[in-house]
Amino acid sequence: MAERLRPIAASFVAAGPCGVAVRDRLKGLTARDELVLRRVGAYLGVLASRDLAVRCRAGLEHSAQAWAERKRELTPLSSSRWAGAITKASHDQWALARRCHLAHIRTLESGIAVIAHRLSQPIGAKGSKKAPGGYRSRREWHAKTRRLHVLTDRLQRERADYEAGRVHIVRGGKRLLNSRHHLAAAQLTEAEWRERWQAERWFLQADGESGKRYGNETIRLTPDGQVSIKLPAPLAHLANVGHGRYVLAARVRFAHRRQEWADRIDADRAVAYRIHLEVARGRWYLTASWQHQPTPIIPLQAALAGGVIGVDTNADHLAAWRLDVHGNPIGNPRRFGYDLSGGAGHRDAQVRHALTRLLHWARGCQVMAIAIEDLDFAQEATREKHGRNKRFRRLISGMPTGKLKARLTSMAQTAGISVVAVDPAYTSRWGAQHWQNPLTSRTRRTSRHDAAAVAIARRAQQHPIRRRTPPPPHDQSDRAGHRSVQAEPCAAGCEETRHRTPDHAHDAPGPDTARTRATSTPNTVRGTPVQLTFTVQERSSNDPDGRTCCYPSRCSSAPPTTTSTSRTSG
């Protein structure tokens, strides 16, 4: 029975990001500057914690009127702008926790479905590509039965919280909070952990306002890099300039997108700023972010007008191959490796470096489109689906699918290159089946990932992945009558066999046709018939050398005779 294939979604041009964020270090801060930043951040962090608790208690009953009431309560304790920034941050954090809560419920439902299916199978039953089999032993079956009850109770509790609008948020991060109980494993002392915990709970961020001076009145950054902060009302005595503001001694000079940032603040367009401390390095940073109009998405055919580069994402490299407009591979495949071991900063740098080399190669080839799989392993890395296969789970979890796609769309938009997202169904299998062997030669070894890159690019071009060999041209051998074995099943004559022709001359008859004329005599010297004479001497049985004659019936006492044989050679 033929395998039933799942439907394949259409390819589309991925939209680029509409937000920008740049960061620079605050160098040259004085001791007083750091003291002021710490006091302001700690004070506003307490207000933010209180407001977030109020927002979480409101749950689904929160309204615009309740939002305005929260802001009025915070205004006398800080300022109207600080109150607006705090309340908006609390609302965004509650909405993010709500989305994460729903994703957690979906994960629990998926795990329960897998366990229930495997428990229904006999012990030791083998699985298939579509569904897993039974558990290996009675002991594992019993343990998974207990886990099924645990997950079911947890799912009921999470569903009740979601319907009631209850979320669980930890300002500063749940992971950092839990590391307090495992300081040795985190390689931290209690003082170091306390410093990080306090720094993560500070609040030093302000949203921009279009029409205001330099796009932000709370944290202002001038074109020459001067940073000033509007102090809360209880801390106004710390100001070193008028109007309750404090000017830092450090200067900011963005190395990336500086001109774009300068154009925005010159036009008094909104720019949001955030000041934070990286405790591990002891450095202060300022991050500027803003939104711009999304770039119009060009049609798919226009993006593929100059060919496309197919990219296959793997755990340690990107496999890429360039295709022309007709879907034919050009040149040799390229591989861009990266190392995802280490911290988050190292992994992010490795991904950016690989994508930079990919984009430079695309611009050098004058290709304006890159095809990539629309991967999402959010539900694939669960322990319930893959069981004991920890290596495979670690492999899937290590593939930076979401970060790589976000990075690629952002960097490609800056470079003027379109990103085409395709359905990842069967690209690796069909690529290896139809393209790996034909693209392998004595000087080039094509891997399965390289063949998958070709399949991805052909799907983006809306070509079938199957490689069909065209029939021979007219007036050669069989006048284009032979059809390829890779023809479509619905094509007429695709299953016909080719008639065997032993002689491939133009006048060679078929197997059922009698020869109509003799072979013509060639006019060349090489083809002229030659008379060859062979001389055979027969020895008598009384050979003087004492050897036995090979033809005893012909032996006689007569002397050996000579026989001449003529043969015509063409």
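Two strands count as paired when DSSP finds at least two bridges between them. With four bridges, S5 and strand S6 (residues 245–251) clear that bar, and they run antiparallel. One of the contacts along this pair puts lysine 230 opposite its bridge partner in S6, arginine 245. Keep in mind throughout that this is a predicted model.

**The overall picture**

The protein chain has 570 residues, of which 35% are buried. Its secondary structure comes to 15 helices and 15 strands. If you take the contacts between residues at least 6 apart in sequence, 66% of them join residues at least 24 apart.

**Strand pairs and hairpins**

S5 also has a partner on the N-terminal side: strand S4 (residues 219–221) pairs with strand S5 (residues 226–230) over three bridges, again in the antiparallel sense. Here leucine 221 has valine 227 in S5 as its bridge partner. S4 and S5 make a hairpin with four residues between them, and glycine 225 in that turn shows a positive phi of about 95 degrees.

A second hairpin joins S10 and S11, this time with five residues in between; its turn has glycine 327, with a positive phi of about 85 degrees. Strand S10 (residues 317–323) and strand S11 (residues 329–337) are antiparallel and share six bridges. In that pair, leucine 318 faces phenylalanine 336 in S11.

Here are the antiparallel pairs side by side:

| Strand pair | Bridges | A facing residue pair |
|---|---|---|
| S4 and S5 | three bridges | leucine 221 and valine 227 |
| S5 and S6 | four bridges | lysine 230 and arginine 245 |
| S9 and S10 | six bridges | aspartate 312 and alanine 319 |
| S10 and S11 | six bridges | leucine 318 and phenylalanine 336 |
| S2 and S8 | seven bridges | valine 20 and tryptophan 290 |

**The six-stranded sheet**

S10 and S11 belong to an open sheet of six strands, ordered S1-S13-S12-S9-S10-S11, with mixed pairing. Strand S1 (12–13) and S11 sit at the edges with a single partner strand each, so one side of each has no neighbour in the sheet. Further in, strand S9 (residues 308–313) runs antiparallel to S10, joined to it by six bridges, and aspartate 312 stands opposite alanine 319 in S10.

Which helix packs on this sheet, touching S9, S10 and S11? That's H15, which also touches strand S12 (369–373) and strand S13 (418–422), and its direction makes about 50 degrees with that of S10.

H15 has a helical partner too. Helix H14 (residues 427–434) and helix H15 (residues 448–460) pack with their axes 7 Å apart, at an angle of about 105 degrees. Angles of 65 to 115 degrees count as roughly perpendicular, and H14 and H15 are therefore roughly perpendicular to each other. On the H14 side the contact involves Thr427, Ser428, Arg429, Trp430, Gly431 and Ala432, while H15 brings Arg448, Ala451, Ala452, Ala455, Ile456 and Arg459. Sorted by type, the residues of this contact are six nonpolar, three polar and three charged.

**The four-stranded sheet**

The other open sheet described here has four strands in the order S2-S8-S7-S3, and its pairing is antiparallel. Its edge strands are strand S2 (19–25) and strand S3 (205–206), each pairing on one side only. S2 and strand S8 (residues 283–291) are antiparallel over seven bridges, and tryptophan 290 in S8 is the bridge partner of valine 20. Helix H8 (residues 258–266) packs on this sheet, where it touches S2, strand S7 (272–278) and S8; the directions of H8 and S8 make about 70 degrees.

**A buried aspartate, and the cysteines**

Is aspartate 51 buried or exposed? Its relative accessible area is 4%, so aspartate 51 is buried. This residue is found in helix H1 (residues 31–58). Leaving out residues up to four places away in sequence, aspartate 51 touches Arg70, Leu74, Ile86, Thr87 and Ser90. The C-alpha atoms of aspartate 51 and histidine 91 are separated by 9.4 Å, with the two residues 40 apart along the chain.

As for cysteines, a disulfide needs two cysteine sulfur atoms within 2.5 Å, and the count comes to zero disulfides. Cysteine 18 is partly exposed, at a relative accessible area of 37%, whereas cysteine 365 is buried, at 17%.

Notes. Residues numbered from 1 in each chain as written. Predicted model: local features only at pLDDT ≥ 70, side-chain atom pairs only at ≥ 80, totals over all residues. Heavy atoms only, no water. Axes fitted to C-alpha atoms, helices over the stretch in contact; angles between N-to-C directions. Helix = DSSP H or I, 4+ residues; strand = E, 2+ residues; numbered from the N terminus. Parallel < 35°, antiparallel > 145°, perpendicular 65-115°, else oblique. Contact = heavy atoms within 4.5 Å. Nonpolar A, V, L, I, M, F, W, Y, C, P; charged D, E, K, R; others polar. Buried < 20%, exposed > 50% of the residue type's maximum accessible area, 1.4 Å probe, protein only.
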